[in-house]
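Hi,

Here is the structure I promised to pass on. Have a look at it first, and my notes on what turned up follow below.

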Amino acid sequence: MNLAQLDTPALVVDLDKLESNLKTMQTRINTLGLTLRPHTKAHKIPAIAQMQIEAGAKGICTSKLGEAEVMAKGGIKDILITTPIAGDKKIQRLVTLHQHYPDCRLIQIVDHIEHVKQIAIAASKAGLIIELMIEVESGQQRCGVAVGDELITLIQLIQQTEGVSYAGVQAYSGHLQHIKGYDARNKQAKAAVQDLFTLIESTLKPKGLAPEIISGGGTGTYAAYQDLNYTEIQAGSYLFMDASYRAIGDEHHDEKNTQFQAALSVLSTVISHPTSTRAVVDAGMKCLSIDSGMPIIEGREDITYQTGGDEHGILHLEEPNTQLEIGQQLTFIPSHCDTTLNNFDTLYGVRDGEVVEQWEILGRGRSD
Ligand SMILES: Cc1ncc(COP(=O)(O)O)c(C=O)c1O
């Protein structure tokens, strides 16, 4: 089947671009002397996680326990769950996941004494030792324990508690990923974690509390961490490279990123053309997320997209314009790959215009 024969709206990935992005990031991380633990929240597909591991990644991240369940079932053997969990049901599911996949290294993020106590009780009952990593505050003011005495107390608690073990720390500055300009972004990324590395050297190491793993960094900030002692980078979006990431700049350009290519797109069809300057496509908010801005129409910079609600996308055509045809297909580069992908059941892999791969997005909707 060729691309034009796909029914729309359809989520499509250009396999040459995906493979190029995969290779580029792995090579860059190797060159920086770091290891890659890619975040799979961007694609949610075990087969793609496997491709990342085959290319050299040490393991993967998932945001949610539900995604980790999908990835473990898909054969992934090293998973860091990057969001804390709470409540008996979740903790029991974490225990069950450990029991079902004893060969899989599963690490759970925590940032509070209660997490440690409750996970430890459940793990001890099941005769398990569950590995924990502590999320530290690195400027985003989301989850994360403050760097200082609170962190020291939490590490000591994990070390002294039966049923859990201390694997390291996570410092991910999500708020800095899209700062425009390579130097400005890297400078802020380093500054945001400086206190953590000072504490590690001054206090954690001498007290025997040094983390084995220091994990963090994304597509925007990974390059900042070469001089620090991060042991692994969690970048995820580099694989698809959405429109908002394409605009953050790289070491050669301030306004655009040319290291990675826009691999992900949504194929959509013109379903209505009510006036000469307005057309409507079959991709609304239930296809193309708009939390990071509007999608871009490939090759048609003269047309702007405006959401027309759940099912409609409104196109504004400049005058004088070339009319679109009813039934004409257009390709949209999403502004945010993660939230767009989560709208679809299937990802079609395309090479030279032919659909050669079809992946079920097994982690779709697994935000549980
Ligand atoms: C904790 C964590 N690590 C890594 C990532 C991946 O970062 P990016 O998709 O910006 O490469 C995210 C993305 O939201 C995240 O929340």
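Before anything else, one term: when I say that two residues touch, I mean that they have heavy atoms within 4.5 Å. Also keep in mind that this is a predicted model.

With that in hand, let's start at Met241, in the loop between β9 (232-233) and α8 (243-246). Which residues does Met241 touch, leaving out those up to four places away in sequence? They are Asn21, Thr219, Arg246, Asn257, Phe260, Gln261, Ala262 and Ala263. Is Met241 buried or exposed? The cut-off for buried is under 20% relative accessible area, and Met241 has 0%, so it counts as buried. If you want a sense of distance, take Glu212, which is 29 residues from Met241 along the chain. The C-alpha atoms of that pair are separated by 30 Å.

Next, the strands around β10 (residues 264-275). Strand β10 pairs with β1 (residues 10-14) in the antiparallel sense, over four bridges. One place to see this is Val13, which stands opposite Leu264. Strand β10 is also joined by four bridges to β15 (residues 329-333), again running antiparallel. Here Leu267 has Thr331 as its bridge partner, and Ser268 stands opposite Leu330. Then there is β11 (residues 278-281), which runs antiparallel to β10 and is joined to it by three bridges. A hairpin of two residues links β10 to β11, and Thr275 stands opposite Arg278 in this pair. In general, side chains in a regular strand alternate between the two faces of the sheet.

Strand β15 has a further neighbour in β12 (residues 296-297), which is antiparallel to it and joined by two bridges. In that pairing, Ile296 has Ile333 as its bridge partner. Why do I call β15 largely enclosed by the rest of the structure? Because four of its five residues are buried.

Just ahead of this sheet there is something odd to look at. Pro9 sits in the segment before β1, and the peptide bond from Thr8 to Pro9 is cis, with omega near -5 degrees. Most peptide bonds are trans, and most residues other than glycine have a negative phi. Two residues go against the phi part of that. Lys44, in the loop between β2 (35-36) and α2 (46-54), has a positive phi near 60 degrees. Gln141, in the loop between β6 (130-135) and α6 (149-160), has a positive phi of about 55 degrees. As for their surroundings, Lys44 has a relative accessible area of 5%, so it is buried. Gln141 is exposed, because its relative accessible area is 70% and the cut-off for exposed is over 50%.

Now the pockets. The largest pocket has a volume of about 700 Å³. It is lined by 34 residues, and the closest to its centre are Lys41, Ser63, Arg142, Tyr172 and Asp338. Helices α8 and α9 (337-341) each supply at least two residues of that lining. What is the lining made of, by class? It has five nonpolar, 21 polar and eight charged residues.

The second largest pocket has a volume of about 200 Å³. Of its 17 lining residues, the closest to the centre are Leu3, Val12, Asp14, Ser265 and Glu298. Two or more residues each come from β1, α1 (15-31), β10, β15 and β16 (346-351). Strand β10 gives the most, with three residues. By class, this lining has eight nonpolar, three polar and six charged residues.

Last, the inside of the protein. Nonpolar side chains tend to be buried together in soluble globular proteins. The largest nonpolar core here has 100 residues, and those with the most contacts inside it are Ile79, Ile134, Leu315 and Leu347. Helix α7 (residues 182-204) gives the most to this core, with nine residues. Ile134 is a good one to click on: beyond residues up to four places away in sequence, it touches Val110, Val145, Leu151, Leu154, Ile155, Ile158, Tyr166, Gly168, Val169 and Gln170.

That's everything from me. Enjoy looking around!

Technical notes. Residues numbered from 1 in each chain as written. Predicted model: local features only at pLDDT ≥ 70, side-chain atom pairs only at ≥ 80, totals over all residues. Heavy atoms only, no water. Pairing = 2+ DSSP bridges. Buried < 20%, exposed > 50% of the residue type's maximum accessible area, 1.4 Å probe, protein only. 1 Å grid on protein atoms, 1.4 Å probe; cavity = no way out; pocket = protein on both sides within 12 Å on 5 of 7 lines; lining within 4 Å. Points joined across faces, edges and corners; volume = space filled by probe spheres on them. Nonpolar A, V, L, I, M, F, W, Y, C, P; charged D, E, K, R; others polar. Core = buried A, V, L, I, M, F, W, Y, C linked by side-chain atoms within 4.5 Å.
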